[in-house]
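Here is my note on the model you sent round. The points are numbered so that you can reply to each in turn.

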Amino acid sequence: MYKAKSYSVASATSPFTGTTIPRRDPTANDVQIEILFCGICHSDLHQARDEWASVMPTVYPLVPGHEIVGRVSKVGSTVSKFKPGDLAAVGCMVDSDGTCPECRAGFEHFCPNLILTYNFPDKHLGGVTYGGYSDSIVVDQRFVLHVPSNLNLAGAAPLLCAGITTYSPLRQHGVAKGKKVGVVGIGGLGHMGLKLAHALGAQVVAFTTSPKKREDAMRLGADEVVVSRNADEMQKHVESFDFILDTVSAEHDIDALINLLRREGNLTLVGAPPKPLPVSAFSLIMRRRTLSGSNIGGIRETQEMLDFCGKHNITADVEVIPIQKLNEAYERLLQSDVKYRFSIDMASLKG
Ligand SMILES: NC(=O)c1ccc[n+]([C@@H]2O[C@H](COP(=O)([O-])OP(=O)(O)OC[C@H]3O[C@@H](n4cnc5c(N)ncnc54)[C@H](OP(=O)(O)O)[C@@H]3O)[C@@H](O)[C@H]2O)c1
Ligand SMILES: [Zn+2]
Ligand SMILES: [Zn+2]
C-alpha cells in the first residue's frame, strides 16, 4: 500500500480539500498510472452532493473522477497490454467478475459484480474505491484503455465518460448518414454527442436552453440549433427526428422532445436528473415511439470509441484548471458555464 495525493469531499455540503488516500501496490494483473488529466463529469457533482442517494448513496470521504488519462508507471508480472511509459486511460469502471453473461458479451457495465471507479466497494483495501482527482491510480489491466497518440491529452480525458456515454447509444441506434438526430443539452456529454453524431454522418440538431451557445453548437457539429424554450422553434421540427439523445442533468420537459420524433423514433436518456421525469403515454403510443436509457459502454466499445476519435481527431473542448479550483469549477458547472468540459491538470497536485 502507498499514499496518493488527492482531493476529496467529507460530506454533501463540504468543499473539496487536499488529502492523501491509500492505493494498493500493483498486483500481478495491475497497471499503476500516473494521472496527467482528469475530466469533471456532472455525475461527480451529483455524487459529491449525494444527489443520487436513493439509488447510489455516497460514502464519504469521496474522491470522484472517472475521466482519467495518464502514463503507466508500473505494471504487474502478468500484464501484457501495457508497459511503463505507455499512455493509458481509465473510465467509469475498474472491475467486474469477468465470467457472467454480461461480461462475456462485452457489457461489463451491466455486470452484477461491477465495481465503479469511485464510491464502490474496494475488494483489495476495504472501504470504497477512489477516483481520478488524484496523482495516481492502480487498476486491473482489463479496465485500462489505450489512448491514440495523436490526441491532446487534456481533451482526451473526457472521452472516457462523456465520449463513450454518447458514442454507445448513437451506435446502438444506427446513427449514420441519412438520419436526423437531436442532441439535447450542450454540456460535457452533449458537446461530445454533437461531434460524434456529425462524424458518423448524421444531420444533427442541437437543443439548448442557452441561446448564447448557438454559434458554438454549429462549430461543434450541429447543422441547426433549436432553443428548446422557444415553442415556435420546437414546432418546426415536430415528428421529424429518427433519434434524440437527451443529456440534460436536471428536470425538463421530455414530452416536448418525444413529440419531435417521427413514427418509431427513439429518445434515449443518458442524463440522470435526480428526480423522475413525467411522460405522457400519448406521446409514446400515438406513433409507436420508444423511450430508453443508456449507461456508459463496455470496455471493447470504449476502446472502439477511442480509436474512432483518434481516426477523426476528436477530443473534448476543455478548460484546463488546476485542482485547487475544483470548488469554483463545480459552481460554474451548475451554471452551465464551461466550454464544454473542465479537465484538471494533475501537475497542479504535485507542488
Ligand atoms: N448515462 C450515463 O452513463 C451517464 C454518464 C455520464 C453522465 N451522465 C449524466 O448526464 C448528465 C449530463 O452530464 P454532463 O457532465 O454533460 O453535465 P453538464 O456538462 O452540466 O451538461 C448538462 C447540460 O444540460 C443542460 N441543462 C442543465 N440544466 C437544465 C435544465 N434545467 N433544463 C434544460 N437543460 C438543462 C445544459 O445545456 P444547455 O445550456 O445547452 O441547455 C447543460 O450544459 C448528468 O445528469 C450526468 O450525471 C450519465
Ligand atoms: Zn461521467
Ligand atoms: Zn460480469
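1. A term first: two strands count as paired if DSSP finds at least two bridges between them. Keep in mind throughout that this is a predicted model. With that rule, six strands form an open sheet. Their order is β11-β10-β9-β12-β13-β14, and the pairing is parallel. The edges are β11 (224-227) and β14 (290-293), each of which pairs on one side only. On average, neighbouring strands of this sheet are turned by 20° against each other, direction ignored.

2. Take one pair within that sheet. Strand β9 (residues 180-184) and strand β10 (residues 203-208) run parallel and are joined by five bridges. Val181 has Val204 of β10 as its bridge partner. Val183 stands opposite Ala206, also in β10. How many residues of β10 are buried? Five of the six are, so the rest of the structure largely encloses this strand.

3. Next, the helix on the sheet. Helix α4 (residues 162-172) packs there and touches β9, β12 (241-246) and β13 (261-269). The directions of α4 and β12 make an angle of about 160°. α4 is mostly covered, with nine of its 11 residues buried. The buried residues are Ala162, Gly163, Ile164, Thr165, Thr166, Tyr167, Ser168, Pro169 and Leu170.

4. What covers the buried residues of α4? The cover includes the strands β9, β12 and β13. It also includes α5 (188-199), α10 (299-312) and β16 (341-345). Just after α4, Gly174 takes a positive phi of about 65°. That backbone value may be worth a look in your viewer.

5. Now the metal. Which residues supply the protein donors of the zinc ion (ligand 2)? They are Cys41 through SG, His66 through NE2 and Cys161 through SG. These donors lie 2.0 to 2.2 Å from the ion. The spacing of the donor residues in sequence is C-x24-H-x94-C. His66 sits in the loop between α1 (42-48) and β4 (68-75), and Cys161 in the loop between α3 (153-156) and α4, so this pair ties together parts that are 95 residues apart in sequence. Both His66 and Cys161 are buried.

6. Ligand 1 has 32 residues around it. Of these, Thr208, Thr209, Ser210, Lys213 and Arg341 come nearest. Some polar distances can be given as well. A polar side-chain atom of His42 is 2.7 Å from an oxygen atom of ligand 1. Backbone atoms take part too. A polar one of Ile186 is 2.7 Å from an oxygen atom of the ligand. For Gly188, a polar backbone atom is 2.9 Å from a ligand oxygen atom.

7. Two residues elsewhere, Ile115 and Asp95, are in contact with each other. Ile115 belongs to strand β7 (residues 115-116). Is Ile115 buried or exposed? Its relative accessibility is 17%, and the cut-off for buried is under 20%, so Ile115 counts as buried. Leaving aside neighbours within four places in sequence, Ile115 is in contact with Met93, Val94, Asp95, Phe120, Pro121 and Thr129. The C-alpha atoms of Ile115 and Thr268 are separated by 24 Å, with their positions 153 residues apart along the chain.

8. Asp95 is part of strand β6 (residues 93-95). With 10% relative accessibility, Asp95 counts as buried. What does the side chain of Asp95 make a polar contact with? The partner is the side chain of Arg142, at 3.2 Å. Neighbours within four places in sequence aside, Asp95 is in contact with Asn113, Leu114, Ile115, Lys123, Arg142 and Phe143.

9. Last, Gln32, found in strand β3 (residues 30-40). This residue is buried, with a relative accessible area of 11%. The Gln32 side chain makes a polar contact of 3.1 Å with the side chain of Tyr2. Not counting residues up to four places away in sequence, Gln32 touches Tyr2, Pro26, Arg71, Val72, Ser73, Lys74, Ile137 and Val138.

Terms used
Residues numbered from 1 in each chain as written. Chains lettered and ligands numbered in written order. Predicted model: local features only at pLDDT ≥ 70, side-chain atom pairs only at ≥ 80, totals over all residues. Heavy atoms only, no water. Helix = DSSP H or I, 4+ residues; strand = E, 2+ residues; numbered from the N terminus. Axes fitted to C-alpha atoms, helices over the stretch in contact; angles between N-to-C directions. Contact = heavy atoms within 4.5 Å. Donors = N, O, S within 2.8 Å, 3.2 Å for Na, K, Ca; no water. Buried < 20%, exposed > 50% of the residue type's maximum accessible area, 1.4 Å probe, protein only. Near = heavy atom within 4 Å. Polar contact = N/O pair within 3.5 Å; in protein donor to acceptor, adjacent residues only side chain to side chain.
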